[in-house]
Every structure is written in structure tokens, then in C-alpha cells.
Amino acid sequence: MELDLHKQFRVDIKEHLVKFVFFSFAFLSVITTVGIVVVLITDSAIFFSEVSFFEFFTGTRWSPTIRPEEFGVLPLISGTLTFTLVTSLIAIPTGLLAAIFLSEYANERVRSVLKPALEVLAGIPTVVYGYFALVYITPMLKSFIPQLSTFNVLSASIVVGIMIIPTIASISEDAMRAVPNTLRHAAFGLGVTKFQVTTSVVVPSALSGIVSSFILGISRVIGETMAVTIAGGNMSRMVNWLKPGETLFEPVQTMTAAMVEIGVSDVTGDSVAYRSLFAVGLTLFAMTMVLNMVSAYIKRKYREKY
Amino acid sequence: MAVKDIASGAAEDNIRKERIKGIVFQVFCVIAALFGIVSLGALLIYVIYEAAGWLDLEFITNTPSRFAEKAGVRPPLLGSAFVIGLVALFSLPLGVGSAIYLEEYSKQSFFRRFIEINIANLAGVPSIVYGLLGLGLFVSTFGMPHGIVLVGAFTLTLRVLPIVIVSSQEAIKAVPDLQRHASLGLGTTRWQMIRTVVLPEAVPGILTGTIIALANAMGETAPLIMIGAATTMFTSPHGLFSSFSAMPLQIYAWSDFPQSEFQHGVTPAAIVVLLIIILSMNGIAVYFRNKFYQKKRQK
Amino acid sequence: MIELDGTIMKHNERTETEQKLDTVINVNELSFYYGQTQALFNIDMRIYKNRVTSIIGPSGCGKSTMLRCFNRMNDLIEGTQVEGRILLNDKNIYDKDIDPVRLRRHIGMVFQQPNPFPKSIFDNVAYGPRMFGTHNREKLQEITETSLKKAALWDEVKDRLHKSALSLSGGQQQRLCIARAIAVEPEVILMDEPASALDPIATTFIEDLIDELKKNYTVVIVTHNMQQAGRVGDYTAFFLNGYLEEFDTTEKLFLNPASKKTADYISGRFG
């Protein structure tokens, strides 16, 4: 009997073809990144030939569609930073304490209910959160903060804070559960209370994961769009952080909200206003990119070995 | 050694102080854990309560209108369904194919790390930037019309792809090597092995990740605004090149209407419709995830 | 010196009688349950002050469980139950009004796998005192130096106290854990197979250290290594299937065991 062990040309071609097709699919991700960078940079480049870097990055008035047109991005950055700061002040402590509860205090049954429940928070679309902020939360807050304006930072921050809690909680919780039990036992064996074990051994031992979850959360908030567009209003302004009342209770426009405003307006593809969209987008993209890379770096470099 | 030292009454050490701190701390932790859930629960109850009178069959079949009683969500509902359907159609092969390449064909090399880092980065890009990509690439460069179904689908596909790839990778990784070796040992080609052994095993995991990604995409608004989708349409889309609107866009448009019948009637109804769809999709995904874990446990 | 199967044992002074020794821990009819499973059956034994007591026995005989009863570390496991009493200087540590946290400050523990915190060497040793409220810098430095010296580690680490504890070798880490336990000034030190994860040279270090430690502390050590029990222990308890089969001075238990099962185990017929 003759065995034909030779390679079959037809089959080989098919295998190579399949591999090539899948490779090109995977390579699509690289193309997407390149696409994003190219699109942002080319239109921004044209924009910066019409509006100087200086005016863009130091101007304190943002008015792309209303005369006199000015393209200073500082109010938008100020708006984004303010909104991000307030939201983080709500989401980070809450997320961390929730993670500690899940990791150190809750039993299996409670965890199995609480964890999926927290995931639901992240599944609600931000449009809906924006509506909640505008129509439910703001009126409720107004009843004991009479000077609260209809569009304000506080309501938007509360709802987005709620939305971000699962991000921080789940990554921090994973980091804490990864701390080996023998370290907890060592501390207990010395005669310290559970509170001391949690705060002086577990949390410090999980710190790199916890911190990277914070940074990731912050990055998400910076990129958050619809809630703050609906509930924050359309007025861009330089936020005065020295006056907390003014900061929290007045409207704000973030970079993302400003982009939406241009997007829904009548600007044509050939105008400076249209291209300003990409300049702001580029700034936003740069900010979130840097944060994501810092988060990944911290997680990698400071990963504790137990 | 004084034995009374170890009784709870002894006060010379700091245990009592620490214990009190501990109890206060635990209370705060519980509050934190429940804060989000309770708040959202309250908001959801409220919105359902307000939607109650307005959510009926007519609401689903009518078109949007200035008049609250006549308002409906058919066009944006069909728009969402159409676009998300296309996103599923595009993202599954692209996403699973990419995952197959990464897990089954490529070796651990710098190039593979490079692609994986890329995908991780893309997952962290704000969705509005994907809208800019769609605008600059599909509309400006390729010259496709503003706000048509196909452009919306392409844009959201790119947005959703990193998540689909990563969850497919996880599902494929979970297939034991033993099975791969069994197949190859019988003399099958690589692709045959993937097609007949790896993929069937990985399907529940792949579906879970994809459905969750699609549920997220249903709620995406900003990218669609950027590519020019209308916030309100009176006609439903009938082809790939039709203009369209989507549920979240309609909700955004209606959030501007100050009339009480809208703010406390029509818009909540639209929100409830959207939430029902999204939560059902998540529920289906969880169902597949449980099936996936059952399969793993059976081994 | 007495020879036993080629192993050289210390010669215990026969002059001391039980009355001359202080009893630090007195175990009375102790039974222990993991949920429905009983792990310890009616244990009666004594731990004498400034002596080393070894607990030996085959795997699963309950020796680690017994050890963890002394400092109530078993409380951390859900579903455990205790019957009987363990008296620390005549007070039952399982009494309702006893605070386990306080108890553990008097009864310290060293674990099988060295488990230093991912902190600096200094912060590891200073951890206990800090947690108890000592924040004075000089005091902490003094305590750390004393403890590291007692653990025979000072000379090796005195120039790198602020380096990570994880940069030490396995044997050094274990001595660090001992220093950490000593820093809180316990009366009793429990050791759960402290040298089983270490190489022979590091093991010898630890055994010599235990000999030194008993001058100031009372030591209870669980070991599966019989030769180690013979070298290190003044008293030995032999556990079998949750029962205390025999308890006596090490010399007597090894040379002239009262129970046949003890004799079988010692001579290697099982276990």
C-alpha cells in the first residue's frame, strides 16, 4: 500500500488563506488606532493653521458658533477638570469602600448578590443618567439648595459618580482578593483588629491595583459625554475653584459636551468651527491616552509580589 | 502576667479605640456598597412609575410628535435594532477572527504584544472619539453620506470590537489544550481543529462577551451624533443608506422638551423601553455565561 | 548524650519535677469541631513555662489544629466549635469575656511558610508595636533592634532595614517573622512547622534560635520531623487521629514510650 504523505497544494493554500484573513482582522485594530490618530491630527493641523496654538491653549473664551467666534479651550478644560474632580470625589471613596466591603467583610452569599447588582450600575446608558440628573436629582437638590441652577455640576457628578463606582470597585476588589490569606493571618496572629488588618496590610498590599483602578475611573469620567451634556448645560465658563458654591451649583461645559454642541449644530464641513471639533477631540484623546498608559504602567511596575 | 489583661474589660491598650474605629469603618463600607444600588433603584422605580401611564402598544408603534399623546418611538426603535443588528453582523466575524488569530495562530512575539496593547488602548478611548473617527473617515474621506445606517453601524462596530476581541480571546483560551492536541493528533489541519473543536467550545463565552458589548452599544449616543445621525426621525430606516435615529438619540432630543407630559411621561416611557431592551440583553448574556461555567465545571 | 537510632539527643535534666515548673497553659478536656467533623477528642495537656513543647504526629492528626486553638486562630474559620477549656494562667481563654485580639498579643505565632508583609524589614518588625499605639521613633527603633537581635538576624540586616522584606532569603524571612512576633512581647510563641519550608542549614539556624528563645519565652512547636522534635523539645506530645496519644518529657517519650502506637510511630512503622 502506498502512503501519500506529500503536502497537498490545495489544502495548504486554504490554510494559509484562512490564517491571512484572520491576521488582517487582528491587524484592523492597529489600523483603527492609526485611523484615529490620523483623522484627529489632519483636521487639527488645518485648524491650527487658522487658529494659533496660543489662542487655543490660553484663550479663556470658547465660542465656536456664536459671533464673535473665539476658540480658547481653557474653559472646556476647566469644565472637564471640575466635573472630573467632583465626580471622582464621589466615586473613588465610595468605590474603594465598597470594594473593601466585598473583599473583606461580605460573605459569599452577599457577594453573589451585590456584585451583579453593582454591574447593573455600569450598564445603564449615560443618556439615561443625564436625564435622571436633570429631571429627578436637580429638583430634589433644589429643595435644600435653593441657589442651585437648573444646569449644574453637582447633579451630573452624582449620577456619573454612581455609574463609575463598579469600575473602581471591581478592579480594587480583585486586587485585594489577590492578597494571600497568610498575610492576613500573620497580622491577626500578632493581635490586631480586623479593621487594622484591612487598612494596614490588605489595602497597602493591593495598592498598585487600587491606584490603577482610580486612574482608569478618572479616565472614563473625562471621556464621559451625554450625562454632562444633558445635565451640565451649554454655558462654557472658566470655573472658579475658590468659590465652591459657584463651582458646584452653576452650569458647566466639558470638552465632550462642547463637541456634542458642535456636532448637533449646523456647521458645515468646511468651517473653522467644524475643525475645532477635532482639535478638542485631539486634546481629549491625548488626555485619556496618557492616563490609560499611566494606569497600565503603575499596575505593571508596582505589582506586588507576595 | 496579669490574666485579666486578656479580658475585654482591660483598657490600657488601644484595642477598644481600634474596635470602635472598626465598627464605624464597617458601617461606612456597607453604606458605600449600597449607595449606588439604592440610588439607582430609587431612580428606576421613579422612572417606571412615571412611564406607567404612557407606555402602551401605541407608544411603540407611533412616530415622534410634538404632541405628547401621539408621540411614539417606532422609528428610533427600528433604527436601533437595525444598526445594532448590523454591528453584531460585522463585529462577530471580525472580533472572533482577530481572537482566533491571536490565540491560535500567532506566537508570543513582540508583534503580538503590540496588537494586544493596541486593542487594550482602543478599549479605553472615549466613545465620542470613535464618532470623530467615523466622521473623519467614513463621511469626509470615503464620502459616505451623513447619518446613514451603514456609517452608524461601521462606527459602532469599531467601538465595540476591542471588547468582543478580548472576551473571545478569554473564551478561546479556556478551551483545554488537550482537546486541541487530540484533534491535531488525528491528523486534522489547524483550521479544521479550530472550526470543529475550539470554536464550538468557546461559543457560550464568545456570545456572553458580545451580547454585553452590544447592550452597551445600544446605549451609545455620542458617536452617532458625531456621524450626523438625527436626534429625531419621523420615518423608519428601510435600507443601509437610509437616515436613521436611535433610541438614546430620541431620548436625548426629548430631554430638551420642558413640557411636563414629556418630562414626566413620554421621555420616561422611552427610557423604560430602552432599559428593558438593554437589561434583557444583559440577562441573556448572563444565561450564556452560566452555561459556559457549567461546561467548565463538568470537566 | 543519648543515642537513638543514630540521632543524638539532648540529655534532659532529670532533677526537675513537674511541681517545680510553672504551668503556663493547661488544656482541659478539649474537643474541637470543624462543622460536623470532630478533629480533636478530649485533649488534656500542659505547657510549661520557658520550655519547648513539641507536638508530633502523622499528617492529619490534629497537631496544627491544636496549635491554632492556643491563640484562637481557629476562630477565623467559619463553623468551628470548641468544647472544654484552655486555661492561660488559670483563666479559660474561651470564656465569653476574653478578647481574642488581646489574647493574641500574649500568644504569638510563626507560620509554616514565611509570610513577611510586603513592607520594609523595619516596618515588618515595628508593625505590632505600631498597631498597638507606639509611634515614638526611638522606641520603635529600639524595639526593632532588640527583636532582630533576639531572632539572630540583626547583623545580617542592620544595614538594610529599609529594604523590602521580600528581598531576604527564605531562612532570613522566617527569622524576620520570628522577630516580628517577638516585638510584641508575647509570653508564648507558637510555631507551626517553622522550618519545613527551609533548607537544612536554615533549619539548623532556626533550631538553635528556638533553644535561645526558651530562655525568655515559652515555645510550642508543631513538627512532622521527629528528629527535630527530639533535638529541640523538652516535652513532646504525640497526637494520633485527633487524640493525644502520649505526652511526656521528650527523653521518656522517645526512649521509653508508654504506648505501643507511640513506639510504632517513633520507630517509623507508620506516619
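Two strands are taken to pair if DSSP finds at least two bridges between them. By this criterion, strand β3 of chain C and strand β4 (residues 37-48) of chain C form an antiparallel pair held by eight bridges. The structure described here is a predicted model, with an ipTM of 0.92 and a pTM of 0.89.

Confidence was examined for chain C in particular. Its mean pLDDT is 89, and 92% of the residues of chain C reach 70 or more. Residues 1-16 of chain C, by contrast, have pLDDT under 50 throughout, and the model has 21 contacts beyond four places in sequence for this segment. Where pLDDT is low, the predicted coordinates should not be read in detail.

Within the antiparallel pair of β3(C) and β4(C), Leu30(C) has Ile43(C) of β4(C) as its bridge partner. The hairpin formed by these two strands has two residues between them, and Gly35(C) in this hairpin takes a positive phi near 65°. Strand β3 (residues 23-34) of chain C is also joined to strand β6 (residues 80-88) of chain C, again in the antiparallel sense, through eight bridges. In this second pairing Ile25(C) is matched with Leu88(C) of β6(C), while Tyr34(C) stands opposite Thr80(C), likewise in β6(C). Strand β6(C) pairs in turn with strand β7 (residues 91-92) of chain C, the two running antiparallel over two bridges. Here the bridge partner of Leu87(C) is Asn92(C) in β7(C). The hairpin of β6(C) and β7(C) has two residues between its strands, and Asn89(C) takes a positive phi near 50°.

Chain C further contains an open sheet of six strands with mixed pairing, in the order β8-β9-β10-β5-β11-β12. Strands β8 (107-110) and β12 (243-249) of chain C stand at the edges; each has a single partner strand, so one side of each is left without a neighbour in the sheet. On average, neighbouring strands of this sheet are turned by 15° against each other, direction ignored. The partner of the edge strand β8(C) is β9 (residues 188-192) of chain C, and these two strands run parallel and are joined by four bridges. Val110(C) has Met191(C) in β9(C) as its bridge partner. Helix α1 (residues 63-70) of chain C lies across five strands of chain C, namely β5 (52-56), β8, β9, β10 (218-222) and β11 (235-240). The direction of this helix is at about 150° to β10(C).

Strand β8(C) also takes part in the contact with chain A. In that contact, 20 residues of chain C meet 17 residues of chain A. The elements of chain C that give two or more residues to this side are α2 (100-106), β8 and α3 (121-131). Helix α2(C) provides the largest share, four residues. By class, the side of chain C that touches chain A divides into 12 nonpolar, five polar and three charged residues.

Chain A is in contact with chain B as well, with 65 residues from chain A and 64 residues from chain B taking part. On the side of chain B, the largest share comes from helix α1 (residues 15-51) of chain B, with 19 residues. The residues on this side of chain B comprise 41 nonpolar, 19 polar and four charged.

Chain A itself is divided by the domain assignment into domain 1 (9-50) and domain 2 (62-301). The centres of domain 1 and domain 2 of chain A, taken over C-alpha atoms, are separated by 32 Å. Contact between the domains of chain A involves nine residues of domain 1 and eight residues of domain 2. The side of domain 1 of chain A that touches domain 2 of chain A has six nonpolar, one polar and two charged residues.

The surroundings of one residue of chain A were examined in detail. Ile168(A) is located in helix α6 (residues 153-177) of chain A. A residue is buried if 20 or more other C-beta atoms lie within 10 Å of its own; Ile168(A) has 27 C-beta neighbours inside 10 Å and therefore counts as buried. Leaving aside residues up to four places away in sequence, Ile168(A) touches Ala91(A), Ile92(A), Gly95(A), Leu96(A), Ser213(A), Phe214(A) and Gly217(A). Gly209(A) is 41 residues from Ile168(A) in sequence, and the C-alpha atoms of Ile168(A) and Gly209(A) are 9.9 Å apart in space.

Definitions and conventions
Residues are numbered from 1 along each chain as its sequence is written. Chains are lettered from A and ligands numbered from 1 in the order in which they are written. This is a predicted model: local features need pLDDT of at least 70, side-chain atom pairs count only at pLDDT 80 or more; totals for chains, interfaces and linings use all residues. Axes are lines fitted to C-alpha atoms, for helices over the stretch in contact, and angles run from 0 to 180 degrees between N-to-C directions. Two residues are in contact if their C-beta atoms, placed from the backbone, lie within 7 Å. Domain bounds come from an automatic or database domain assignment. Ala, Val, Leu, Ile, Met, Phe, Trp, Tyr, Cys and Pro count as nonpolar, Asp, Glu, Lys and Arg as charged, and the others, Gly among them, as polar. A residue is buried if 20 or more other C-beta atoms lie within 10 Å of its own, exposed if 12 or fewer, and partly exposed in between; C-beta atoms are placed from the backbone. pLDDT is the predictor's confidence in each residue, from 0 to 100.
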